[in-house]
Amino acid sequence: MNIQICVGSSCHLKGSQQIIELLQRMIEQNEICADITLSGRFCAGKCNREGVTVIVDDDVYTGVIEEGFHEFFAEKVLGKLKGV
């Protein structure tokens with residue numbers, strides 16, 4: 001699975017560094033390092049008023065914030081890995 005986090009100026013100001021740190025921590029905790037390629041990318045062109053743009057394989061998710069991160073991770077990352 002390929003996960004890209006937008007680190008363009010807009011997403012940076014909206015907390016992309018915190019989302020990166022949360023992703024790294026959750027990937028390690030769930031022992032799925034071998035299954036994930038995590039990378040940053042400059043502007044994904046999907047700026048939203050709130051949150052960060054995260055691309056999981058070919059699916060683009062906008063508005064990812066710390067408060068909803070665990071739900072996002074469970075559904076969009078773990079769920080996709082497990083085929084749910």
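Reader: Which residues does Val 54 touch, not counting residues up to four places away in sequence?

Author: This is a predicted model, in which local features need pLDDT of at least 70 and side-chain atom pairs count only at pLDDT 80 or more, while totals for chains, interfaces and linings use all residues. Residues are numbered from 1 along each chain as its sequence is written, and side-chain values use heavy atoms, with hydrogens and water left out. With contact taken as heavy atoms within 4.5 Å, Val 54 touches Ile 3, Gln 4, Ile 19, Asp 59, Val 60, Tyr 61, Val 64 and Phe 72.

Reader: Which element supplies the largest share of the largest nonpolar core?

Author: A nonpolar core is a set of buried Ala, Val, Leu, Ile, Met, Phe, Trp, Tyr and Cys residues joined through side-chain atoms within 4.5 Å, where buried means under 20% relative accessible area, exposed over 50% and partly exposed in between (1.4 Å probe, protein chains only). The largest one has 24 residues, and Ile 3, Ile 19, Val 54, Phe 69 and Phe 73 have the most contacts inside it. Among helices (H or I, at least four residues) and strands (E, at least two), which are DSSP runs numbered from the N terminus, β1 (2-6), α2 (16-29), β3 (52-56), β4 (59-64) and α3 (69-81) each supply at least two core residues. The largest share, six residues, comes from α2.

Reader: Is Glu 31 buried or exposed?

Author: Glu 31 lies in the loop between α2 and β2 (37-41), and has a positive phi of about 50° although it is not a glycine. Its relative accessible area is 72%, so Glu 31 is exposed.
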